[in-house]
Amino acid sequence: MSAVELSKSDTDAYRPKDDEDYMNERQLAYFRKKLISWKTEILAGSKETVSVMQKETENHPDLVDRASSEADRALELRTRDRQRKLISKIDEAIARIDDGSYGFCEETGEPIGLGRLEARPTATLSIEAQERHERSERVHRDD
């Protein structure tokens, strides 16, 4: 049975467990569904933002109201930009599911771990590799 053939009810109630074969078809289907659902939510929020921003093109005569409105817009646009980048990471994670590399650290090839993937389904590094990467960034940033 391929990941595509798993029924909706199989993936709805399912939660990956540590006592299963790591990144078996069921786990891959679970994470694919989780990623696609997350992407769908983000895209729906984007459409809502565009709709709201189009409606809120009113001109505020009061400078404080106008400044507040512009600050809100800027924050919303920064948030949407972050989410646009997240969609790219989600697409990359789905591609890793397709090519069989999902769930394994890009640096070491070791399993990333179900707990980490559950918390951050787009993770590409194990916790240890991520910590090394962050320490290295701090050292280079301080130079």
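## The zinc finger stretch

Let's start near the end of the chain: the two end C-alpha atoms of residues 100–135 sit 29 Å apart, and this span is 42% helix and 0% strand. UniProt, in an unreviewed entry, labels these residues "domain: Zinc finger DksA/TraR C4-type". Keep in mind that you're looking at a predicted model, and that annotations of this kind may be inferred rather than shown by experiment.

The record also has a feature called "zinc finger region: dksA C4-type", again from an unreviewed entry, at residues 105–129. Here the end C-alpha atoms are 8 Å apart, with 36% of the stretch in helix and 0% in strand.

## The overall picture

Now zoom out. How many helices and strands does the protein chain have? The tally is five helices and zero strands, so reading from the N terminus you get α-α-α-α-α.

The chain has 143 residues, and 27% of them are buried. Its accessible surface is about 9900 Å², and carbon and sulfur atoms own 51% of that. If you take the contacts with a separation of 6 or more, 53% of them are between residues 24 or more positions apart.

## Helix α3

Helix α3 covers residues 63–99, which is 37 residues. From its first C-alpha to its last it reaches 54 Å, close to the 54 Å expected at 1.5 Å a residue.

Which residues of α3 are buried? They are Ser69, Arg80, Leu86, Ile87, Ile90, Ala93, Ile94, Arg96 and Ile97. Once α3 is over, Gly100 comes just after, with a positive phi of about 85°.

## The nonpolar core

The largest nonpolar core holds 21 residues. The members that touch the most others are Met23, Phe31, Leu35, Ile90, Ile97, Tyr102 and Leu117. Helices α2, α3 and α4 each chip in at least two residues, and α3 gives the largest share, with six. Two of the well-connected members, Ile90 and Ile97, are also on the list of buried α3 residues.

Met23 deserves a second look. You'll find Met23 in the loop between α1 and α2. With a relative accessible area of 10%, Met23 falls under the 20% cut-off, so this residue counts as buried. The phi of Met23 is near 55°, a positive value in a residue other than glycine.

## Rings that pair up

Aromatic rings are fun to hunt for in this model, and there are four aromatic pairs to find. Take Tyr22 and Phe104: their ring centres are 5.2 Å apart and their planes meet at 85°, so this pair is edge-to-face. The two come from distant parts of the chain, 82 residues apart, with Tyr22 in the loop between α1 (8–13) and α2 (25–55) and Phe104 in the loop between α3 and α4 (114–119). Are these two buried or exposed? They land in between: Tyr22 is partly exposed at 25% relative accessibility, and Phe104 is partly exposed at 28%.

Next come Phe31 and Tyr102. Their ring centres are 5.6 Å apart and the planes are at 50°, so here the pair is tilted. Phe31 belongs to helix α2 while Tyr102 is in the loop between α3 and α4, so the pair ties together parts 71 residues apart in sequence. Both Phe31 and Tyr102 are buried. They also join Tyr14 and Tyr30 in a cluster linked by ring pairs.

## Thr124 and its company

To finish, look at Thr124, in the loop between α4 and α5 (127–142). Why does Thr124 count as partly exposed? Its relative accessible area is 21%, and the buried class needs a value under 20%, so Thr124 ends up partly exposed.

Which residues does Thr124 contact, leaving aside its neighbours within four places in sequence? They are Arg96, Phe104, Cys105, Glu106 and Ile112. You have already met two of these: Arg96 is one of the buried residues of α3, and Phe104 is the ring partner of Tyr22. As for Glu106, it is 18 residues away from Thr124 along the chain, yet their C-alpha atoms are separated by 5.8 Å.

Methods: Residues numbered from 1 in each chain as written. Predicted model: local features only at pLDDT ≥ 70, side-chain atom pairs only at ≥ 80, totals over all residues. Heavy atoms only, no water. Helix = DSSP H or I, 4+ residues; strand = E, 2+ residues; numbered from the N terminus. Expected span 1.5 Å × (residues − 1). Buried < 20%, exposed > 50% of the residue type's maximum accessible area, 1.4 Å probe, protein only. Phe/Tyr/Trp six-rings, centres within 6.5 Å; stacked < 30°, edge-to-face > 60°. Contact = heavy atoms within 4.5 Å. Areas by Shrake-Rupley, 256 points an atom, 1.4 Å probe, with all protein chains shown as cover. Core = buried A, V, L, I, M, F, W, Y, C linked by side-chain atoms within 4.5 Å.
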